[in-house]
Amino acid sequence: RLRTGFPGAAMSAGPISSTVALFGDFVCNSYVFGASAWYFFLSSPVMMKNLGRERFVPLMMSLMKVFFTSCTVALSVSLALTYVHTKGDVRSVSFLTQLLALFGALMNKFVIGPKALAAGKASMGERKGKDGDATLGKFAADGGFGGKGGTKFWHRTVVVFVFVMLGGVLGHMHEALAKVPA
């Protein structure tokens, strides 16, 4: 075993050490948490206000694909790193919460997101010139496009699976941080 320089922490001499895997795991999960906070809570209200609904929606629709692709990649890498730093314990809370986070991202990337985008495209043609009430709260409460064509349902379902993803990320990081040597 190699010494890391940290009291009580040692690394294995394998292809990737548990310490390096844990660090990479934190980086991936921090990215997902930060990107989610930025995408949903920080940039969206500002862009909605400044761009108006008609310009905001197509932009967010194209960014949604990039967002969920990047989250899926980061969480897949993190799951592999979790396997390493838990030493293959697929029943550990750390592994299972990471799997939950990946499930939320995969559902939005491959199932819910495409249906939400299709419903959004279908109803975007029906919606013209209603920028007078350009608040994100009103937009989200209306389901994005006034709820026509199932858009309200799909918008809310995307949000539910984002919370599943973030719940998994936060649970995973809490559990993994508990294992960091003091």
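**Helix packing and a nonpolar surface patch**

Helices H1 and H2 are roughly antiparallel to each other, a term used for angles over 145 degrees. The model is predicted, with local features requiring pLDDT of at least 70 and side-chain atom pairs counted only at pLDDT 80 or more, while totals for chains, interfaces and linings use all residues. Residues are numbered from 1 along each chain as its sequence is written, and side-chain values use heavy atoms, with hydrogens and water left out.

Helix H1 covers residues 18-51 and helix H2 residues 53-85, and the two pack at an angle of about 170° with their axes 8 Å apart (helices are DSSP runs of H or I with at least four residues, numbered from the N terminus; axes are lines fitted to C-alpha atoms over the stretch in contact, and angles run from 0 to 180 degrees between N-to-C directions). The contact of H1 with H2 has 24 nonpolar, nine polar and three charged residues, where Ala, Val, Leu, Ile, Met, Phe, Trp, Tyr, Cys and Pro count as nonpolar, Asp, Glu, Lys and Arg as charged, and the others, Gly among them, as polar.

The axes of helix H3 (residues 93-124) and helix H5 (residues 151-178) come within 8 Å and cross at roughly 160°, and H3 and H5 are therefore also roughly antiparallel to each other. In the contact of H3 with H5, 17 residues are nonpolar, twelve are polar and two are charged.

Trp38, which lies in helix H1, joins Phe41, Leu42 and Phe163 in forming a nonpolar surface patch of about 500 Å². Helix H1 contributes the most to this nonpolar patch, with three residues. Such patches consist of residues with over 30% relative accessible area and no salt bridge, with like charges joined within 9 Å and nonpolar side chains (Val, Leu, Ile, Met, Phe, Trp, Tyr) within 5 Å; accessible areas come from the Shrake-Rupley method with a 1.4 Å probe, and for residues only the protein chains shown count as cover, whereas a salt bridge is a side-chain nitrogen of Lys or Arg within 4 Å of a carboxyl oxygen of Asp or Glu.

Conventions
Parallel < 35°, antiparallel > 145°, perpendicular 65-115°, else oblique.
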